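Me: Please take a close look at one part of this model for me. I would like the aromatic residues first, then the surroundings of the ligand.

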Amino acid sequence: MKIKIVFYSMYGHTYRMAEAVAEGARQVEGAEVELLQVAELVPDSVLEESGAKKAREAFTHIPTAKPDDLADADAIIFGTPTRFGNMCAQMRNFLDQTGGLWAQGALVGKVGSAFTSTGTQHGGQETTLTSFHSTLLHQGMVVVGLPYSEARQMTIDEITGGSPYGATTIAGTDGSRMPSENELAMARFQGHHVADIAKRLAKQ
Ligand SMILES: Cc1cc2nc3c(=O)[nH]c(=O)nc-3n(C[C@H](O)[C@H](O)[C@H](O)COP(=O)(O)O)c2cc1C
């Protein structure tokens, strides 16, 4: 059973969440988990100026996803930072190259799920995830979120991400806040939950 985690990250927050999602998925027996990142679109000089080039060094070893990599997955979990309440352009660009897969119905019946990172607490985590789900549904995927049985999303005594639509983290406007233990635990739960559902579907 193949679980692929496809992410984009500019400063490492979404990558850190992707690692936690992978950790959770690997706990399900029989899960083969692969992390992939989508291609960068921002010019090198801009990345350099914003400090993103340095931050991205931490995950240059993660292979770049090709649309066809999705075809043999049982489940795909997508991670994207929020851009104006939506997924980032790098992820959109990748998904817009999956028209061939759509035409063949290649993703129909696979499990699809998404997680995100925002700068601010109410900066569009839910809109990013629910709008991401539209693409998954157009591809015929079985959309899975983060059920409330993961009770950490009800935490109110500390600042935390987490929603029934998927795991989330809050990076802070200067990016200085890395995912908290509460947020990483929810990301692990999502990975485990998706892999568990994929396993049950594979048995049908
Ligand atoms: C062009 C742009 C638009 C952004 N839009 C939002 C937004 O709508 N809401 C928000 O909370 N953060 C927004 N951010 C902040 C990013 O979501 C934040 O940098 C990101 O979650 C960090 O994740 P990463 O380290 O994986 O790149 C934006 C950042 C950029 C560069």
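Reply: Phe 78 and Phe 132 are both buried in this predicted model. Their rings form an aromatic pair. The centres are 5.3 Å apart, and the planes meet at 35°. That makes the pair tilted, since stacked planes must be under 30 degrees apart and edge-to-face planes over 60. Phe 78 belongs to strand S3 (residues 75-81). Phe 132 sits in helix H6 (residues 125-138). The two residues are 54 positions apart in sequence, so their pairing ties strand S3 and helix H6 together.

The structure holds 4 aromatic pairs. Elsewhere, Phe 7, Tyr 15 and Phe 59 make up one aromatic cluster.

Now the ligand. Its shell counts 16 residues. The closest are Ser 9, His 13, Thr 14, Ser 117 and Gly 123. By class, the shell divides into 11 polar, 4 nonpolar and 1 charged.

Three polar contacts can be described one by one. His 13 places a polar side-chain atom 2.6 Å from an oxygen atom of the ligand. The side chain of Ser 117 has an N or O atom 2.7 Å from a ligand oxygen atom. Phe 84 uses its backbone: a polar atom there is 2.8 Å from a nitrogen atom of the ligand.

On its own, the ligand has 640 Å² of accessible area, and the protein covers 77% of that. Helix H1 (13-26) and strand S4 (111-118) are the elements that give two or more residues to the shell.

Conventions: Residues numbered from 1 in each chain as written. Predicted model: local features only at pLDDT ≥ 70, side-chain atom pairs only at ≥ 80, totals over all residues. Heavy atoms only, no water. Phe/Tyr/Trp six-rings, centres within 6.5 Å; stacked < 30°, edge-to-face > 60°. Helix = DSSP H or I, 4+ residues; strand = E, 2+ residues; numbered from the N terminus. Buried < 20%, exposed > 50% of the residue type's maximum accessible area, 1.4 Å probe, protein only. Near = heavy atom within 4 Å. Polar contact = N/O pair within 3.5 Å; in protein donor to acceptor, adjacent residues only side chain to side chain. Areas by Shrake-Rupley, 256 points an atom, 1.4 Å probe, with all protein chains shown as cover. Nonpolar A, V, L, I, M, F, W, Y, C, P; charged D, E, K, R; others polar.
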